[in-house]
Amino acid sequence: METRYNPQQIEPKWQKVWAEKQLDKVSNDAIGADKKKFYALSMFPYPSGDLHMGHVRNYTITDVIARYKRMQGYQVLHPMGWDAFGLPAENAAIDRNTHPAKWTYANIDNMRSQLQQVGLSYDWDRELATCSPDYYKWTQWIFLQFLEAGLAYQKEAKVNWDPIDQTVIANEQVDSEGRSWRSGAIVEKRKLRQWFLKITDYAEQLLQDLDKLTDWPSNVKIMQANWIGKSTGAELSFPIVGCDEKITVFTTRPDTVYGVSYVVLAPEHPLVETLTSSAQKESVEAFIQEVKNLSEIDRTSDDRPKRGVAIGASVVNPFTGKEVPIWIADYVLFEYGTGAVMGVPAHDVRDFAFAKQYNLPIQTVIISNSPLPMGEGQGVRESAYTEAGIMTNSGSFDGLDSVTAKTKIIELAEVNQWGTAKITYRLRDWLISRQRYWGCPIPVIHCPSCGIVPVPHADLPIALPEDVELTGRGASPLAQLDSWVNVPCPKCGTAAKRETDTMDTFIDSSWYFLRFADARNDQEIGDRAAINNWMPVDQYVGGVEHAILHLLYSRFMTKVLRDRGLLNFDEPFARLLTQGMVQGLTYMNPNKGGKDKWIPSSQVNPQDPKDPKTGEPLQALFATMSKSKGNGVSPEVAIAKYGADTLRMFTLFKAPPEKDLEWEDADVEGQQRFLNRVWRLVTSFAETKQNGISKKVDKNLRRAIHIAIKEVSEDFDGGYQLNTAISEMMKLSNALQDAEDKSSATFLEGIETLLTLLAPFAPHIAEELWSLIGYEDSIHLQPWLTHDPEALTVDEITLVIQINGKVRGSLQVPSSASNDKQALEEYARSSSAAQKYLEGKEIKKVIAVPGKLVNFVVV
């Protein structure tokens, strides 16, 4: 019998056995009429080449849940795949002079091997990669569903343009100074025709259905609600002086319309060119040129001064009949709302600052219900008043409360055709075009006669050509390949051209969870019954950084496919867990800036942390593990040193799943010591067991056993408090260690219980020890345990004896007397402690606390 715990030996052994027995494989036919199924899913990774500790933590959490549910008797779907398209692979291929597919699949092979070392219970028969034609065939099919439903369209939109490389670049390829990461050129904004999906058509559903997601973290739902950004107000139209056109604005504060002192257009608004006066033309054009190269974040940031220029034209405020000037300003974006806003400085913080800067009129039209400083209400203000109040300087609405006035002003606007009530959303339609090679081709053909023609379903997939030259320069690599671009129109046969844009990779990840239900189906996206039986995902686990885009897009995709008749459910993920980050000990030189300030931990002596180059003292802190900070720990190295089970136990024990976790070697070693104690405890019992098991029952030990079962089960069912579940197992291990009779039937029950509870957390050691005590069937096929309520009852309680509030002793009394104050007092009086300390004293009062103590108050 192996006397030493050797994870490097037992872990590969059991991983091989589980794979050969297909222990984690699940059949779609296994879901019975009771539909006792459980779909456990981690957000799938981008195959960068190596796992990091964040991956290990995410996947271990989901794996423990999946294993627990299997032992509860559920049919569990627990798959893994690869979010494999994207710009990083294309850039890596360019740098290495190889093909993105070759680089990607090599990374997948490496990361799959690393995942298997962790002991994750995946059904590998369902593995998928989004860059595989048998996957993106159905991504293209989904795009055609959107096109047929009128939810996909093309329009002009701005892109980042590198004028040296003559190519479109992604936002992440523009540095903090607005330069291209490759050429160093100042990036320009250009308009290109791009593809969009009409997510705005589903804005209200996406917002309202957040209420259905009762098992999602509230912060994630708040982030999505804010991103959707529903606003209720009015669209109001201001006639332009000297022409028949109007400028329409959306406002949530129509009650302030009498205080409008200017109107602002986005610099990109098409009316700017036609309305700008000759006197203002030069300054307007110069301002537009300045704004052109600012990012959207720079233009809308609250901590930047807002800049603008008058264009020399004006509009009429229909409510007052007064003319107000038209300005352009950097903070107004043409893509948002109507591309125009009304300026009400007295009642908007941004407008107030703008008006002060450019000496524009500030007209108060709402005053507070409470007493105001002298001059308030007559237009003299030191700051904007943004709350509700009483209308003033607002014609017939004076004296009304502003909430009531808001409704009445909209009514007046509608009667006079000055405007209408309106609901808008901050959410914009989803731009999915990418001018890149390594992505899913958009399956449409542009015909000079027929226009946009969808590729027939029978011709899918439109595969990426392999004979393509990748340089990172010039037009899209696909656009430069005439043999791929030029095709006959499938409708009329005329010479036509393929769409050369590829899709945003968020498209691939917005439906992958559906494909796992029937991943090998080559005739359809998946068997409808299989998809609807497995979905929705019962437990989804991933980082909170995906709270908005990935999770929102997945919800949108699900609702569209439901409306197309594919799905019979509204939401893709029933329960969401957003795990915390893994942090490592990090060293920073406060005298350096940028990336240079981070000093790799491998170069630092932790006892005397100094910059190896300058000798300057370093600051030590915990920060999220990353390559740039040099503070990461390789999972492969950790597994080689400690074993996968120790690594799993540490990531689960150190912090609750939703909290950040600090990596410390001492804590990892603590979990290794615990598993070694379990190993010695069980291997010792395995030898004792050969001599026979007595029928003796140890009530105290049995109570500890069933407390552990109860507490661990509640930790699973009450929010996955996996760290406290491990604490309960440690308590049970201690109780077994302290047991006097280690050959009793109760001790055997305790050993079996400890291993069963441990199995989801540390699957390899649990399996090895289960076999050592004589069982042939896998421990992972055993049913989860239920506690015996009778075993939890206590025969005796400890009664504390106090004299004037000070503890003087204790004694054991029958638990049946725990609530009988008179009986507790009698037991206490008869105790040796009471007799010793009460002798010769007068008892003034006796305080009995049921089940706990008796306190004698004496003189």
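The following exchange goes through several labels attached to this predicted model and asks what each one rests on.

Biologist: Before the details, how many helices and strands are there in the protein, and what share of its residues is buried?

Modeller: The protein has 26 helices and 33 strands, and buried residues make up 51% of its 859 residues. Along the principal axes, the C-alpha trace spans about 105 × 80 × 70 Å.

Biologist: Why is helix H19 called oblique to helix H24?

Modeller: The axes of H19 (residues 644–653) and H24 (residues 763–772) cross at roughly 125 degrees and come within 7 Å. Roughly perpendicular covers 65 to 115 degrees and roughly antiparallel begins over 145, with the rest, apart from angles under 35, counted as oblique, and therefore H19 is oblique to H24.

Biologist: Which residues meet where H19 and H24 are in contact?

Modeller: On the H19 side they are Ala644, Asp645 and Arg648, and these meet Pro763, His764 and Ile765 in H24. The residues of this contact divide into 3 nonpolar, 1 polar and 2 charged.

Biologist: What makes H24 mostly covered, and what covers its buried residues?

Modeller: Of the 10 residues of H24, 8 are buried, and they are Pro763, His764, Ile765, Ala766, Glu767, Glu768, Leu769 and Trp770. What covers them includes H19 together with helix H1 (7–21), helix H2 (53–71), helix H4 (100–118), helix H20 (665–689) and helix H23 (745–758). H24 is followed by Gly774, whose phi is positive, near 110 degrees.

Biologist: How do you know that strand S24 is largely enclosed by the rest of the structure?

Modeller: The strand covers residues 539–543, and 5 of its 5 residues are buried, so S24 is largely enclosed by the rest of the structure.

Biologist: Which strands pair with S24, and in which sense do they run, parallel or antiparallel?

Modeller: Strand S1 (residues 37–42) is joined to S24 by 3 bridges and the two run parallel, with Ala40 standing opposite Gln539 in S24. Strand S25 (residues 576–579) also pairs with S24 in the parallel sense, over 4 bridges, and there the bridge partner of Tyr540 is Leu576 in S25. The chain passes from S24 through helix H17 (residues 549–563) to S25, and this β-α-β crossover is right-handed.

Biologist: Asn359 and Tyr720 have positive phi values although neither is a glycine; where is each found, and is each buried or exposed?

Modeller: Asn359, with a phi of about 60 degrees, is found in the loop between helix H11 (349–358) and strand S14 (366–367). Its relative accessible area is 72%, and the cut-off for exposed is over 50%, so Asn359 is exposed. Tyr720, with a phi of about 55 degrees, is found in the loop between helix H21 (699–717) and helix H22 (722–738). Its relative accessible area is 4%, and buried means under 20%, so Tyr720 is buried.

Biologist: Where are the cis peptide bonds that involve Pro461 and Pro536, and what are their omega values?

Modeller: A cis peptide bond joins Leu460 and Pro461, with omega about 0 degrees, and Pro461 lies in the loop between strand S20 (451–454) and helix H13 (482–485). The bond from Met535 to Pro536 is cis as well, with omega near -5 degrees, and Pro536 is found in the loop between helix H16 (528–534) and S24.

Key:
Residues are numbered from 1 along each chain as its sequence is written. This is a predicted model: local features need pLDDT of at least 70, side-chain atom pairs count only at pLDDT 80 or more; totals for chains, interfaces and linings use all residues. Side-chain values use heavy atoms; hydrogens and water are left out. Axes are lines fitted to C-alpha atoms, for helices over the stretch in contact, and angles run from 0 to 180 degrees between N-to-C directions. Contact means heavy atoms within 4.5 Å. Ala, Val, Leu, Ile, Met, Phe, Trp, Tyr, Cys and Pro count as nonpolar, Asp, Glu, Lys and Arg as charged, and the others, Gly among them, as polar. Buried means under 20% relative accessible area, exposed over 50%, partly exposed in between (1.4 Å probe, protein chains only). Two strands pair if DSSP finds at least two bridges between them. A crossover is right-handed if, with the strands pointing away from the viewer, the path from the first strand over the helix to the second runs clockwise.
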